[in-house]
Amino acid sequence: MSFLLKVENLRIELRMRAGVAPVIDDLSFELAHGESISFVGESGCGKSMTALAIMGLLPEGIGRVASGKIWFDGEDLVAASPARLRHIRGNKIGMIFQEPMTSLNPVYSVGEQIAEVLREHQGLSRKAAWAEAIELLDAVRIPNPETRATAYPFEMSGGQRQRVMIAIALACKPKILIADEPTTALDVTVQAQIFDLLRDLRRQTGTSLIMITHDMGAVAEMAERMIVMYAGRKAEEGPVDKVIAHARHPYTQGLISCVPHLVAHLTEERQDLNEVPGIVPGLAEFGQGRCLFASRCARATERCLTTRPEEIAFSDVHRSACWHAEGM
Amino acid sequence: MTSKNETGPLNAPTLSKEKASSPLSEAWTKFRANHSAMVGLFVLVLIMLGAIVGPLLYPTDPFELVWRPFSPPGADGFLLGTDYIGRDLVAQMLVGARVSLVVGVAAAIVTILIGVAVGALAGFYRGWVEEILMRITEFFQVLPTLLFSMVIVALFGASLLMITLAIGIVSWPAVARITRAEFLRIRELEYVTASRAAGATPAKLMLKVILPNALPPIIVQAALMTGSAILFEAGLSFLGLTDPNVMSWGQIIGSNREFILQSAYTVTIPGIAIFVAVLAIALVGDGLNDALNPKLRQR
Amino acid sequence: MDVLRITFLRIVYSALLLAAVVVLNFVMIHLAPGDVADTIAQSMGGADAEILAQIRADYGLDQPFIVQLGQYIWKVLHFDLGSSYYYNRPVTELILERLPATLLLVITAQTLALVIGVVTGVFSARRPNGFLSHLVTIVAFFGHAAPVFWTGILLLIAFSLQIHWFPVGGMRDVTVTGGFWAHSFDVARHMVLPVFTLSTTFLALYSRLCRASMMETLGSDYVRTAKAKGLPMRSVVYKHALKNALSPVITLAGLQFSAVISGAVLVETVFSWPGLGTLAFQVIVARDTPTILGILFFSALIVIAGNLLTDLVQRLVDPRVRTGQ
């Protein structure tokens with residue numbers, strides 16, 4: 001089976017004052033054509049770094065891919081030249097960010113910011129690119145697209161700005177859309193609208209989706225498959241329904257129980273809203289040869305504190321990196 | 001949770017006593033660690049010593065014609081040489097330092113007094129008071145500072161007092177803006193609201209509650225203003241707008257500038273003195289800024 | 001519609017500021033010890049009280065303050081700033097003759113400082129610890145601490161008196177013959193040192209602000225978006241980062257106009273540049289009050305025009321300012 005994107009043993013290191021920390025430690029996953037996958041985890045667990053690494057946009061001088069490969073359409077992006085990456089970014093892979101309020105350039109009209117990508121990657125003329133930008137604004141359901149195209153970002157609401165970001169990311173009909181916490185900064189009602197929009201657009205274009213989120217509800221709504229990340233490592237991976245029905249990692253279980261309606265729906269009984277106690281370890285602890293979740297885990301045993309758990313497969317598609325996964 | 005935390009409350013009384021003096025000593029510790037600021041302070045102290053003690057140890061009259069003109073530095077026993085009419089340059093430099101520094105500091109004080117008063121009233125009362133005061137501030141910023149002070153000095157006489165006042169009158173707008181911004185920020189803080197609720201008078205609120213907390217940027221500004229006032233005085237006396245019976249660094253440059261072909265040193269030496277003094281003050285100002293800035297202190 | 005209204009209000013406000021300068025001028029004449037009559041009497045070699053009273057009546061000095069103020073404003077509205085005692089010519093005429101030279105110096109120096117400041121600022125923002133960054137910091141300290149007239153004299157000694165690259169002073173060489181280009185080149189040669197001297201005082205200021213501002217915008221979310229769009233580096237830096245970074249630099253440049261004029265007074269004096277600065281120097285020594293106040297009025301006019309210009313440029317660059325957001 002051929003994959004659109006295949007990440008192999010990816011290790012991303014951040015240079016810190018105290019030394020080098022692996023924010024992504026030995027991560028492998030695949031993404032099929034038209035598939036929708038979600039990365040889940042608390043902030044600071046390395047989800048965004050994965051996305052930036054795929055885009056070739058790790059913070060200069062601070063982050064770098066230390067080892068591993070990112071195969072996209074048969075090409076290793078880690079080894080690709082800057083010019084080649086520029087050709088892929090915004091064209092073959094589009095990305096939308098968490099902060100719609102600051103992600104658009106305040107001094108250019110939104111129409112120009114969309115048209116710019118089309119001119120760059122599709123060689124459209126100014127006029128053709130502007131016309132296409134208006135089409136795209138219409139496609140992301142912004143009313144009066146002709147007049148709104150000349151508006152500046154500060155004249156729009158957060159939800160509208162995120163729609164513009166989506167229009168930019170999808171302008172060149174990319175094969176993959178990466179959405180990094182696309183709705184976190186928005187109101188709940190707007191969140192639902194953005195999810196609807198993303199689902200519809202995906203249905204129309206067949207774009208694969210990588211969605212990064214800390215919100216289990218968003219995962220259930222948007223993704224077919226999910227990867228739970230903890231402290232730079234993959235904790236659990238599998239189809240969304242399977243993982244929610246039977247999580248094989250205590251961290252995943254904790255995340256699921258944070259979302260009452262998910263649990264209520266699946267188990268028919270409401271549990272107390274309990275968060276996962278404790279916090280994500282500091283970057284200095286990343287990369288240690290033990291289970292990094294052990295300090296927050298009720299099931300932790302001696303082995304968890306001394307040896308890093310291996311991935312255990314429960315079916316072709318469901319894997320967990322926990323010494324106690326079998327017993328769950 | 002840890003034992004350290006448990007002993008915390010027991011130590012609290014003594015700790016808080018230390019805290020009372022700690023902002024200043026903390027700032028001094030930070031300042032001392034800043035090498036360029038300490039160099040600046042050292043140079044500044046040297047210049048001040050030279051200005052205070054120098055003329056006593058080197059009693060030659062700076063206005064007296066002691067030797068033939070244009071004697072270069074080192075020659076004929078004159079360390080820095082003589083000027084265009086044969087006056088001793090060392091004596092001129094030492095006495096000139098007094099004027100430059102005194103006018104610099106005094107003008108900075110005038111600047112700060114006017115600027116803080118205007119800024120504090122504008123930031124505290126807001127509304128139409130702020131509107132009027134800020135329009136006046138803008139008006140003063142429209143007048144080119146040097147020309148304006150030249151006009152004041154030309155019309156009202158070139159005494160040191162008038163020069164000092166003139167520099168203060170044209171320089172205060174920047175201080176007013178900074179003070180106003182600080183007052184606007186601080187007046188919204190909770191302890192100000194608390195004092196207000198406790199019935200503090202406006203004067204007490206402004207002077208005792210808000211002003212002490214607005215001081216750090218004002219102190220930094222005072223340092224910068226001293227430097228620019230020294231430059232200002234030098235510019236005015238270079239143009240001849242000064243008391244002819246008073247020697248200052250700028251005046252040495254101004255009176256000798258027709259003769260730079262014969263004696264470039266008479267212009268170079270006082271220029272270096274001004275440059276070094278202002279640079280030293282700027283370094284101290286930078287150090288104060290780092291030491292007093294609460295945002296930087298966290299890092 | 002709204003843009004026009006805001007621009008109109010700005011112009012009205014500028015006119016009010018200028019009117020305030022006129023009033024201030026008048027108040028200062030009144031506060032200053034001695035009046036026109038004294039000065040005229042002095043130039044006649046002394047006069048008794050009767051003649052003084054006669055002169056005061058002739059000049060309307062016996063009128064109430066407010067009437068005199070009205071007359072003064074009325075005269076200024078007709079571009080009549082009085083007559084110079086020193087040159088014995090109308091002040092307006094005298095100033096308009098000198099104004100082009102000052103404008104040439106001030107505008108060239110401002111433009112040069114801005115261009116060099118922005119270019120070096122952009123480059124040092126991309127290498128915050130590079131050679132250029134450190135050089136700019138050193139130049140900044142020099143520009144801040146060195147008296148501008150002293151820098152001018154040193155450059156004069158080095159480049160005009162020692163190696164004769166540039167003329168010692170003035171604006172043109174009367175012996176130069178030829179057409180427009182020959183004269184332009186001559187003026188340009190005379191301009192090099194004064195413009196460079198004047199620029200040094202604020203060049204590094206722009207550069208450092210531009211560097212800080214560029215570093216901020218280069219790290220911003222919208223620059224990350226621009227990169228994620230696959231735009232070439234040139235477009236990311238100049239189109240997306242720089243246009244945003246320029247705003248504070250333009251604001252500062254507008255605020256500097258007054259300081260630039262002050263610097264110009266000293267620089268003109270050093271290089272005998274035939275502008276308002278040398279005129280100010282001459283008439284202040286001669287205590288020629290009408291001319292002094294005329295110069296103050298016109299320099300305030302330059303600053304106000306400069307601020308207005310800055311405002312308009314700011315509106316072009318930043319749509320948030322444009323719509324008053």
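# Three chains, questioned

Guide: Of the 328 residues that make up chain A, 47% count as buried, and I should add at once that this is a predicted model.

Visitor: What makes a residue of chain A count as buried?

Guide: The test is a count of neighbours: a residue is buried if 20 or more other C-beta atoms lie within 10 Å of its own, and partly exposed if the count falls between that cut-off and the one for exposed residues, 12 or fewer. By this test 47% of chain A is buried, and for chain B the buried residues make up 44% of 299.

Visitor: Why is A:Val65 called what it is, buried, partly exposed or exposed?

Guide: A:Val65 has 19 C-beta neighbours inside 10 Å, and therefore counts as partly exposed, since burial would require 20 or more. The residue sits in strand β4 of chain A, which spans residues 63-72, and, leaving aside residues up to four places away in sequence, A:Val65 touches A:Leu10, A:Ile12, A:Ala53 and A:Val78. A:Ala151, by contrast, is 86 residues from A:Val65 in sequence and 39 Å from it in space, C-alpha to C-alpha.

Visitor: And why is B:Ala176 called buried or exposed?

Guide: B:Ala176 has 26 C-beta neighbours inside 10 Å, so it counts as buried, the cut-off being 20 or more. B:Ala176 belongs to helix α6 of chain B, and among residues beyond four places in sequence it touches B:Gly115, B:Val118, B:Gly119 and B:Thr137. B:Leu121 lies 55 residues away from B:Ala176 in sequence, with 9.5 Å between their C-alpha atoms.

Visitor: How do you know how compact chain A is?

Guide: The radius of gyration of chain A is 20 Å, close to the 20 Å that the globule rule gives for 328 residues, so chain A is as compact as a globular protein of that length. Along the principal axes, its C-alpha atoms fill a box of roughly 65 × 45 × 40 Å. Chain A contains 13 helices and twelve strands, and of its contacts with a separation of 6 or more, 63% are between residues 24 or more positions apart.

Visitor: What makes up chain B, in helices and strands?

Guide: Chain B has eleven helices and zero strands. Residues 24 or more positions apart account for 69% of the chain B contacts whose separation is 6 or more.

Visitor: Why is the crossing of α5(B) and α6(B) called left-handed or right-handed?

Guide: A crossing is right-handed if the near helix is turned clockwise from the far one by less than a right angle, and α5(B) passes α6(B) in a right-handed crossing. The axes of α5, residues 145-156, and α6, residues 160-186, of chain B come within 9 Å and cross at roughly 145 degrees. On the α5(B) side the meeting residues are B:Thr145, B:Phe148, B:Ser149, B:Ile152, B:Val153 and B:Phe156, and on the α6(B) side they are B:Met162, B:Ile163, B:Ala166, B:Ile167, B:Ile169, B:Val170 and B:Ser171. By class, this contact has ten nonpolar, three polar and no charged residues.

Visitor: How do you know which chains are in contact?

Guide: Two residues are in contact if their C-beta atoms lie within 7 Å. No contact joins chain A and chain B, whose closest C-alpha atoms lie 13 Å apart; of the two pairs of chains in contact, chains B and C share the most contacts.

Visitor: What makes up the side of chain B that touches chain C, by class?

Guide: In this interface 34 residues of chain B are in contact with 37 residues of chain C, and the largest share of the chain B side, nine residues, comes from α5(B). By class the chain B side has 27 nonpolar, six polar and one charged residues.

Visitor: And what makes up the side of chain A that touches chain C?

Guide: There, 24 residues of chain A are in contact with 19 residues of chain C. The helices α2 (82-88), α3 (100-103) and α4 (110-122) of chain A each supply at least two residues, with the largest share, four residues, coming from α4(A). The classes are twelve nonpolar, seven polar and five charged.

Visitor: Which domains does the assignment give for chain C?

Guide: The domain assignment gives domain 1 (2-77) and domain 2 (91-322). Their centres, taken over C-alpha atoms, are separated by 33 Å, and ten residues of domain 1 are in contact with ten residues of domain 2.

Technical notes
Residues are numbered from 1 along each chain as its sequence is written. Chains are lettered from A and ligands numbered from 1 in the order in which they are written. This is a predicted model: local features need pLDDT of at least 70, side-chain atom pairs count only at pLDDT 80 or more; totals for chains, interfaces and linings use all residues. Axes are lines fitted to C-alpha atoms, for helices over the stretch in contact, and angles run from 0 to 180 degrees between N-to-C directions. Ala, Val, Leu, Ile, Met, Phe, Trp, Tyr, Cys and Pro count as nonpolar, Asp, Glu, Lys and Arg as charged, and the others, Gly among them, as polar. Domain bounds come from an automatic or database domain assignment. The radius of gyration is taken over C-alpha atoms; the globule rule is 2.2 Å times the number of residues to the power 0.38.
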